[in-house]
Amino acid sequence: MLRNLRARIPELAGGLAIALMAGGCVPRAQPGAAADAGWIETGVASWYGEPFHGRRTASGETYDMESMTAAHQTLPFGTVVRVENRDNGRTVEVRINDRGPFVGRRILDLSRAAARRLGMLGPGTARVRVTVVQAVENPGTPPWECIELQVGAFRDPELAATARRRVREAGYSARSEVGPGGLLRVIAGPFDSGASAEAAERRLGGFYRRCDPSR
C-alpha cells in the first residue's frame, strides 16, 4: 500500500494544484524586474475588447481596444514588445499597460486592434513569441501623484472579501473592482507618496497602479 501511495504522489499533487487554481485565488502578478531588450517568452495569447473598452487599466490609463496595447502579468508598464503569431508569421508591436491574462497558461492579453493585425480575432487565441524591444529602465515606485496597489485578483467573491479584510487589518483602505474575465481585483490605497506605497507593497505584495487623486 505504501508503495502504491508513493507512486501516486505526483498524480495527487497535480490534482491538488488544479483544484486550488479552479477554486481559489489566481496567482498574483508580481512587479518583476525590467526585462532587457531581446528577452523572449513563448506561449498562448488571447485578446479582450468589450466590455472593458473605456475602463481603467491596471496602469491607470483608459483602455482603448483600438490602440496597440496589451496586458502581461509581470512586465513593467511601458515595456514595448514585439508579438509574433507563430501560426501565420504576422507580427505587431504593443505597449504593456495592463495586468493579465488570468486564464490557464496564457501569457498575454492583446487589444482588439493588435489581435486583428495578428489574424487571431476569430480563433480568440494564438501561439505567440513575445520579444522585448524597448525595456523600462527603472520599474520601481513610479513618481505619480496618486498610487494604488493591486494586491490580488480572485474568481471567488469570498476570497476577495478575505483579501480586503487583510488589507484593512494592515491599516490601509481597500476596495474591489471587476477586471478582465470577471475577476475581482482587490486594491489597496490610495497612497500620496512613493514611500508609503513601498511600505504597503513590502507588507502586502502586489504591484503599483496610477490612480486619480481627485476621486
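A disulfide is a pair of cysteine sulfur atoms within 2.5 Å. The exercises below apply to a predicted model.

**Exercise 1.** Determine how many disulfides the whole structure holds, and which cysteines form a disulfide.

*Solution.*
1. A search of the whole structure yields one disulfide.
2. The sulfur atoms of cysteine 146 and cysteine 211 are 2.0 Å apart. This separation meets the cut-off of 2.5 Å, and therefore the pair counts as a disulfide.
3. The two partners come from distant parts of the chain, 65 residues apart. Cysteine 146 lies in the loop between strand 7 (125–134) and strand 8 (147–154), while cysteine 211 belongs to the segment after strand 11 (207–210).

**Exercise 2.** Assign the handedness of the disulfide of cysteine 146 and cysteine 211, and state whether each cysteine is buried or exposed.

*Solution.*
1. The torsion about the S-S bond is about -95°, so the disulfide is left-handed.
2. Cysteine 146 has a relative accessible area of 6%, and for cysteine 211 the value is 7%.
3. Buried means under 20% relative accessible area. Cysteine 146 is therefore buried, and cysteine 211 is likewise buried.

**Exercise 3.** Describe the surroundings of asparagine 85: its strand, its accessibility and its contacts.

*Solution.*
1. Asparagine 85 is part of strand 4, which spans residues 80–85.
2. Its relative accessible area is 3%, so asparagine 85 is buried.
3. A polar atom of the asparagine 85 side chain lies 2.9 Å from the backbone nitrogen of aspartate 87.
4. Leaving aside residues up to four places away in sequence, asparagine 85 touches Arg90, Leu118, Met120, Ala126, Arg127 and Val128.

Conventions
Residues are numbered from 1 along each chain as its sequence is written. This is a predicted model: local features need pLDDT of at least 70, side-chain atom pairs count only at pLDDT 80 or more; totals for chains, interfaces and linings use all residues. Side-chain values use heavy atoms; hydrogens and water are left out. Helices (H or I, at least four residues) and strands (E, at least two) are DSSP runs, numbered from the N terminus. Buried means under 20% relative accessible area, exposed over 50%, partly exposed in between (1.4 Å probe, protein chains only). A polar contact is a pair of N or O atoms within 3.5 Å; within protein, one must be able to donate a hydrogen and the other to accept it, and residues adjacent in sequence count only if both atoms are side-chain atoms. Contact means heavy atoms within 4.5 Å.
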